[in-house]
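Biologist: Please take me through this model, beginning with its open spaces and ending with the chain as a whole.

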Amino acid sequence: MMWINKMIAGLLPFMPKNLVWIFSKRYIAGKNIEDAIIISKKLNDEGMMVTIDLLGEFITKLHQAEDNKNQYLNIIETIQKAKIDGNYSLKPTMFGLLIDKDVCYENIREIVAKAASFNNFVRIDMEDSQCVDLEIDLFRKLKKEFPKNVGLVLQAYLKRTGSDIKNLIDIHSKDTPINYRLCKGIYVEPEKIAFKKYHEINNHFLEDLELMFQNGIYPGIATHDKALVEGAYELIEKYNVPKEKYEFQMLYGVTPQLRKSIVDANHRMRIYVPFGEQWFAYSTRRLKENPAMAKEIIKALFVRG
Ligand SMILES: Cc1cc2nc3c(=O)[nH]c(=O)nc-3n(C[C@H](O)[C@H](O)[C@H](O)COP(=O)(O)OP(=O)(O)OC[C@H]3O[C@@H](n4cnc5c(N)ncnc54)[C@H](O)[C@@H]3O)c2cc1C
């Protein structure tokens with residue numbers, strides 16, 4: 001099946017946009033902020049919070065970073081005005097992380113300051129392994145200035161994640177706990193640095209989550225894997241964690257039934273709502289990077305809900 005996934009992923013950039021949109025619309029709110037607001041209001045009405053993400057990554061020219069920053073500043077104004085129950089996620093490579101890390105820091109600092117002015121929060125998404133040290137440094141610096149308004153993502157497939165959690169404890173406190181999103185990780189990484197097998201990744205996900213609970217860290221438990229949701233339930237019970245000290249997170253459009261079961265059980269749920277003009281490049285790049293995702297997209301054609 002792997003070659004079929006690879007073939008479909010390779011062909012996608014050459015397919016008409018309208019056709020790719022049929023695959024992608026289940027996972028992407030739309031092109032404009034208005035689309036993201038409509039979807040977010042609906043999710044809020046169903047008892048879920050959101051995190052808004054403007055699509056785009058890996059820019060090649062610094063002026064694109066400035067444009068992206070201005071777009072985020074506008075998004076924050078608009079989302080706050082619309083009274084959406086949500087926060088913001090962003091990818092540092094959209095702000096020049098791999099071109100000039102100081103410029104990237106200044107751009108993201110401005111965005112976090114804007115969110116902080118509304119008492120809101122910005123999550124730094126974790127990208128591929130070349131970005132991990134840089135993104136941890138960025139988070140460390142921003143967390144000092146905005147202790148309540150910034151969080152990071154950690155990936156359970158990386159062998160280093162347990163020690164990253166321990167190394168960052170020095171910026172954690174009871175009043176301003178660290179807020180991580182814990183996910184499996186989506187990029188294809190070498191075996192030297194990343195766990196590859198399903199059970200290995202899942203075991204480490206739960207070990208990392210347990211370490212977070214043991215240290216009073218606030219986790220966003222980001223998974224659609226029922227086994228991990230059940231594992232998280234066990235840890236929540238074991239450590240008697242109050243509802244306001246963690247949340248579950250899922251991607252827009254994925255496993256809505258499992259999502260509903262978590263919401264119905266009265267756990268907090270936040271949905272990642274991506275939108276923007278870059279949806280086509282984003283969809284096709286994601287699929288090329290990780291052809292196994294093609295399977296999910298094909299499935300979405302036939303399986304609804
Ligand atoms: C809110 C959120 C934010 C994320 N942020 C990041 C990030 O910053 N950096 C990063 O590297 N990764 C990120 N990810 C992606 C994550 O790392 C995983 O690649 C992805 O969530 C799939 O892992 P899983 O835990 O759902 O388990 P899997 O074992 O991959 O999936 C479990 C089941 O969920 C369903 N499923 C999973 N993904 C899809 C899909 N796309 N479409 C349809 N069905 C699907 C399938 O039925 C599958 O069998 C994020 C994920 C979430 C939920």
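Modeller: A pocket here is an open set of grid points with protein on both sides within 12 Å along at least five of seven lines. The model is a predicted one.

Biologist: What volume does the second largest pocket have?
Modeller: Volume is the space filled by probe spheres set on the grid points. For the second largest pocket this comes to about 650 Å³.

Biologist: Which residues lie nearest the centre of the second largest pocket?
Modeller: The lining of this pocket holds 32 residues. They divide into 11 nonpolar, 10 polar and 11 charged. Nearest the centre are Pro177, Asn179, Tyr218, Glu244 and Lys245.

Biologist: In what order do the strands of the barrel follow one another?
Modeller: Eight strands close into the barrel, and their pairing is parallel. Neighbouring strands are turned by 30 degrees against each other on average, direction ignored. The order is E1-E2-E3-E4-E5-E6-E7-E8.

Biologist: Which residue in E8 is the bridge partner of Met250?
Modeller: Strands E7 (residues 247–251) and E8 (residues 269–275) pair in the parallel sense over four bridges. The partner of Met250 in E8 is Ile271.

Biologist: What angle does the direction of helix H3 make with that of E8?
Modeller: Helix H3 (residues 33–45) packs on the sheet and touches strands E1 and E8. Helix H4 (residues 62–81) lies across E1, E2 and E8, running at about 155 degrees to E1. For H3 against E8 the angle is about 165 degrees.

Biologist: What is the radius of gyration of the chain?
Modeller: The chain has 12 helices and eight strands. The globule rule gives 19 Å for 305 residues, and the chain's value is close to that, so it is as compact as a globular protein of that length. The radius of gyration is 18 Å.

How values were computed: Residues are numbered from 1 along each chain as its sequence is written. This is a predicted model: local features need pLDDT of at least 70, side-chain atom pairs count only at pLDDT 80 or more; totals for chains, interfaces and linings use all residues. Side-chain values use heavy atoms; hydrogens and water are left out. On a 1 Å grid over the protein atoms alone, a cavity is a set of points where a 1.4 Å probe fits but cannot get out, and a pocket is an open set with protein on both sides within 12 Å along at least five of seven lines; lining residues have an atom within 4 Å of a point. Ala, Val, Leu, Ile, Met, Phe, Trp, Tyr, Cys and Pro count as nonpolar, Asp, Glu, Lys and Arg as charged, and the others, Gly among them, as polar. Two strands pair if DSSP finds at least two bridges between them. Helices (H or I, at least four residues) and strands (E, at least two) are DSSP runs, numbered from the N terminus. Axes are lines fitted to C-alpha atoms, for helices over the stretch in contact, and angles run from 0 to 180 degrees between N-to-C directions. Contact means heavy atoms within 4.5 Å. The radius of gyration is taken over C-alpha atoms; the globule rule is 2.2 Å times the number of residues to the power 0.38.
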